[in-house]
Amino acid sequence: MPSLRSRLEMWCRVAAFGVLGWLLGGSFFTSSNRRIERANTQNVAAHLESWTRAPSTTTLHLDLTAVPETWVVDWLAALRHSNHLVNWSGSPPAVALVTEPVSDPEGGVRIDIAAPTGADVVVRDEGSLIDSARISALGATMLTPIAIGNVTATVGSQRVGATPIDSARLKSVVVIGDAGWEGKFIASALEERGWAVTPHFSVAPNVDVTQGAPLIIDTARVSAVIAIDTSIRSHAAELERFVRSGGGLILAGPSAQSLRALAPGSVGARTRPTVHPADTMRLGTTGFYPVMSLNSGGVPLDRRSDGVVLAARRVGAGRVLQVGYDDSWRWRMAGAPGSERAHREWWSRLVASVAYVPPAAPNSNEGGTAAPLAHMVDRLGPAQAAVNLSGERPPVDRRLLLALILTLLIVEWGSRRLRGLK
Amino acid sequence: MNAMTQLRVVRVILAIGALLRGIAWGLGAAFTLFAGAALIDLATPLSLDTRHLILAVAVVSAVSVGASMCWRDRGVLSLERVAMWIEERLPSLEYTLVTAVETGNVSYVAGVKTDRWRPIAIRRSGRALRTPLVVSVAAFAILLILPGGAVARMTLPHAGDSIERASVGGRSTASRLTPMIADVVPPRYTGEKPTSVDEPRDVRAIVGSALTISGRGDAKGIVARMGKDSVAATQRGDRWSIAMSVSTKAFAIRLTDRSFERIVAVEPVIDASPSVVLSAPAHDSVLRTPKGRIPLAANATDDFGVVSASFEYIVSSGEGETFKFKSGVIGSQKPTGKSVSLSSALSIDSLELKAGDIVHVRAVARDANDVSGPGIGVSETRTIRIARADEYDSVAVDAAGPADAEKSVISERMLIILAEALEKRRPSLRRDTLVGESRRIASDQKKLRRTVGDVVFTRLGGDPSGEEHTGEESPTRAKTMEEMLARADSATNQSSDPIDFEGGESPVVAVNKPLLEAYNAMWSASTELEIGEPGRALPHMRRALELIEKARKAERIYLRGAPPAVVIDVSRARLKGKDKGSASTRRALSAADSAAHSRLIRFANIVDLVQRDQKSAIDSLLVLRIDALADEPSFASALSDAADAMRRGRANEASIALARARRTLAGAPVARDSLARWSIVP
Amino acid sequence: MTTEFVFATAQYDSGDWDSAPLLPANIIDTIARYTEITVAPTGAIVPLGDDRMLRYPLIYMTGHLPVRFSDAERRNVKRFVERGGLLFIDDHNHDVDGTFHKTATEEIARTVAPLAELPNNHPLYSAFFKFDGPPTTAHELNGWGDNLVHKHLMAVERNGRIGVLYSSKDYSSEWNYHPDSKRFLSVDNTKFAVNLVVYALTA
């Protein structure tokens, strides 16, 4: 009766030959099951070269916490096209970045970032950090006076980038109304900011103060029109055509009463709060015309205790802004230090928000860096389940098998020698 | 010489030897330190502070090494030790010398031979001196063979000695812009001392200072560019130099030597005007009576010194439409020093004030600035008013118009100006043109003369005409005028005294005497002008003006009450005007922030450059800093920090400074934590 | 607080600021006669040392006596001009050798900038009515003051716009009468004031 020991030796030998047979058989007969290669966000770039040489029966799987760089995704897409099975799993954050030049003579870049609520986003350019924010509602918006080089946003380990395009091509701004301080200081503020302004102030019957070429309101010459009082009614038809073709219109003070068809809302009675001699003038200190009952599509943008003071509306291809203030000039003249500059910037920003700007050609190469997850889904398909992908086992390292064979043989031989056998 | 005496001599010899040894070691230490530092300085320039430190260490080392050596050999001062030392060298003494020293009994060494003691001591001292002397001499020799200036930089370090540093190798292809110094000689009036800056990058100097930049080598080919101007270097001995004056505006100097370039930023320090504070009187006041003395006190300070200070006053007398003014200065001082206190008193009595008069008083100080003119600082003005008797009456009386006599001066001064101008142009005019223009002036002069004549005629009892005549004089009128002229002649020839009522004349005639003379003078002027002689008419015209001024000395008072409140019925007046205006064109304004915007663009380009060429980026930052110094000092300061950090290789600090510069210039970005509903980000 | 144009007269500490009390009403009447500008029926008096002076972007100032700004007045005048206001100063003495002129021009030079001659083709002179230069007044040669016809006004311009306008022509005397007296005049001598106001409201 063979002893336990000799049985053990026999089984070691059998097992060793069995594994050897499996190895030999595997090299002759290709398994119908695919070999799986895995990588993650950090090391996928390092694997690409070896994966390129791998047979097309290899499944390439990515476990992602963040979308890899665009070139890596493009490489994987190319492998996919060469019959490799490429798939991925994980929850990389859905982040996208868009930059747009601000329609302002002093330039500026508006940066919109889409990211999951609660995420912390850090935005920088090649000069320095721009700002950071915690997302409260699906994204963030930033306005920076200048962007140096490419703009990138980082959410966790996910990085997105965009290259801001050149500043917008701006045309003139028309300011129409009766001669008065508000018109004067609006025109001054915009000109000081760098806008080309075409004022049209009425002084007496058939006596106007103008500047530049005769007044023709169309998008070839004019980016936006500012109406400061109800005298705008004489231009109603012209303005409607202008706005519907993309022009911007700002209805300041009571002027919305004259253009009800375009205005975001109706005009309420002017509020007249008490102003004390010692009061510092701020925007709206002396009251304003509140925006009442919003028209269809009207959006309230700024609200004070006495009502909505700023509302907007899209009309055709253009935008209309209704501003309840009719004496913002007091803020500029009698406000706190810095009010002159603040008034200038405020009016410029209002105009920038509605100004007609000819559309610029989009940057076609930017899709990958600006919206990486979308880009990856587009190239590699949606995510798949992470583990135990059906029909596929992870391959066994052959070196381990060889090591196992050797170990078994050594154990068998050692046992026999210890027994005094050869 | 007995043994004890000889022993003492030996002690002295050994002591001198020890002292010399200590000194030699001290010198050796110092020379070695200097030589070593000078050799290091040749390879790598040592900063001024480091060289000061080396000098201090060398001195301290010399003293401490020397002192410690002397202390070590202090045994030579002890007779017993010296005796033992001799005993060691001469065992034949068999301790008799030591015993004699200890017991004081010289009989122990009576008869001892002492002739060998001194030579032994001298030899010993010489041997001890050998090593330190060798060290000192060797170090000294190294100092001697070092290039000129190298030793001076160690032994006498001072600002501006960097160009005395010898160059190693002396390659002709090396940049002549290194080493470089900037010498600043402030304007004399400031009393500030000249300074030198080694390897200048930023130089702050008072406006008007003489700035000289110099370096070693040939001046040929070295150019300095400041904006659009360029200056070539001049040769001064073995150095090149460029001299300029510091102006009120900051500027960057670009020095070029072939392909080498250096930038030096010059920041002017503006001499501020004196600051003057009037402490007394502390506020405006009203005096019931024009009596008393008002103390005046003020303080003036200046950054470089106040050279004159005083109080100025202006007295305004009169009311309604007629006022007289007189002004003066009191309490003048010519102080020295940066701060001065003034005090004086304003004597109300001496000003001869009357009710209703007003005195404005302020303190004024001047500094010694002779570059851009003396800076003048003034204090707030205090007003001292003498109350009127009817101060609190409320009588509303409309202002009366000027008396008729006043209007007689219409155009007399204008006519003088016209005549003077014509006389000036005379050499270039044809005779007929000259006569024509002269006659036109004559015609106006005649009108004036007639007006004066009307006034005088009226007062002398005739009917007032009240109107100017155009055209020829009527015979009736002329006759009347001739009569008046005759009276004027007789009246004016009688007396040239100013108005007075003595001598039996009626007040009317007395008042009109100057007018009569003026009338006469105008007549003479007209005559000259008619024949085309404006030059000869001028003295008469001036006399006429003088006399009319004299005639104005009649006192007149107009009562002014509370301003009437007039409310306009705007709707009734609306567009009732007969004339219509016309359309007008407004001029465009230029952008207010264009300088800031262009700086922002330049800044962005520089930041972009940092990655590619840091050295050029640093230079560009310096130039931008100079440009922004006057308007945006915070931005300029941040740029300076960034450039410094980049030079020192501190990338993190540089990033922070650049971010700070960006925010200072462009403002902080505006951020919202949600996507904006509209493209405004309020 | 209304948005209509209010004619403001400067009140300053050192002199007789109210020497032309009827001028504001006269100018208001003139503005109403020729234009449709919404104008307040009475003027306002604004102390230069009070921050409220900044609420009136056009301010008229005159007097006979020396002008010496206090620190508060200087600060406000500087801010006023920098922010776009227009300060119109008229020498009621019309005397370039006189104390008002010397002190007022010194104060303006110290506070804002030195005054320079305004060219006679400046847009101010064609802002509503057409003038070849500053209209001569009947008072310039009335025997008082310097007895000169001043051919130019003086101004400090800021960014292409007049910030301080200085006159030695004595418009204060010329315009200082009740508006009802206009019916006795063949020519309205206040028309230049319309140019001034229209320029201030549109430039």
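So, between chain B and chain C of this predicted model, there are 17 residue pairs in polar contact across the interface, both residues at pLDDT 80 or more. On the chain B side, the elements that each bring at least two residues to chain C are strand 14 (306-319), strand 15 (322-333), strand 17 (358-367), helix 7 (404-407), helix 8 (412-425), helix 13 (570-573) and strand 20 (584-585). That side of chain B counts 20 nonpolar, 13 polar and 17 charged residues.

Okay, salt bridges. You get two of them between B and C, and one of these joins the side chains of Arg362(B) and Glu106(C), at 3.2 Å from N to O.

And how many residues does each chain put into this contact? Chain B gives 50 and chain C gives 59. The buried area comes to about 4600 Å², and carbon and sulfur atoms give 57% of that.

Now let's swing over to chain C and chain A. Here 27 residues of chain C touch 34 residues of chain A, and about 2500 Å² is buried, with 55% from carbon and sulfur atoms. There's one salt bridge: Glu192(A) meets Arg161(C), 3.3 Å from N to O. We also have eleven residue pairs in polar contact, both at pLDDT 80 or more. In chain C, helix 2 (71-83) and helix 5 (191-202) are the elements giving two or more residues to the side that touches chain A. That side splits into 13 nonpolar, seven polar and seven charged residues.

Last bit, chain A itself. The domain assignment gives domain 1 (4-90 + 373-418), domain 2 (96-167) and domain 3 (172-354). Between domain 1 and domain 3 of chain A, the C-alpha centres are 69 Å apart.

How values were computed: Residues are numbered from 1 along each chain as its sequence is written. Chains are lettered from A and ligands numbered from 1 in the order in which they are written. This is a predicted model: local features need pLDDT of at least 70, side-chain atom pairs count only at pLDDT 80 or more; totals for chains, interfaces and linings use all residues. Side-chain values use heavy atoms; hydrogens and water are left out. Contact means heavy atoms within 4.5 Å. Buried area is the accessible area (1.4 Å probe) that two parts lose on being put together, summed over both. A salt bridge is a side-chain nitrogen of Lys or Arg within 4 Å of a carboxyl oxygen of Asp or Glu. A polar contact is a pair of N or O atoms within 3.5 Å; within protein, one must be able to donate a hydrogen and the other to accept it, and residues adjacent in sequence count only if both atoms are side-chain atoms. Helices (H or I, at least four residues) and strands (E, at least two) are DSSP runs, numbered from the N terminus. Ala, Val, Leu, Ile, Met, Phe, Trp, Tyr, Cys and Pro count as nonpolar, Asp, Glu, Lys and Arg as charged, and the others, Gly among them, as polar. Domain bounds come from an automatic or database domain assignment.
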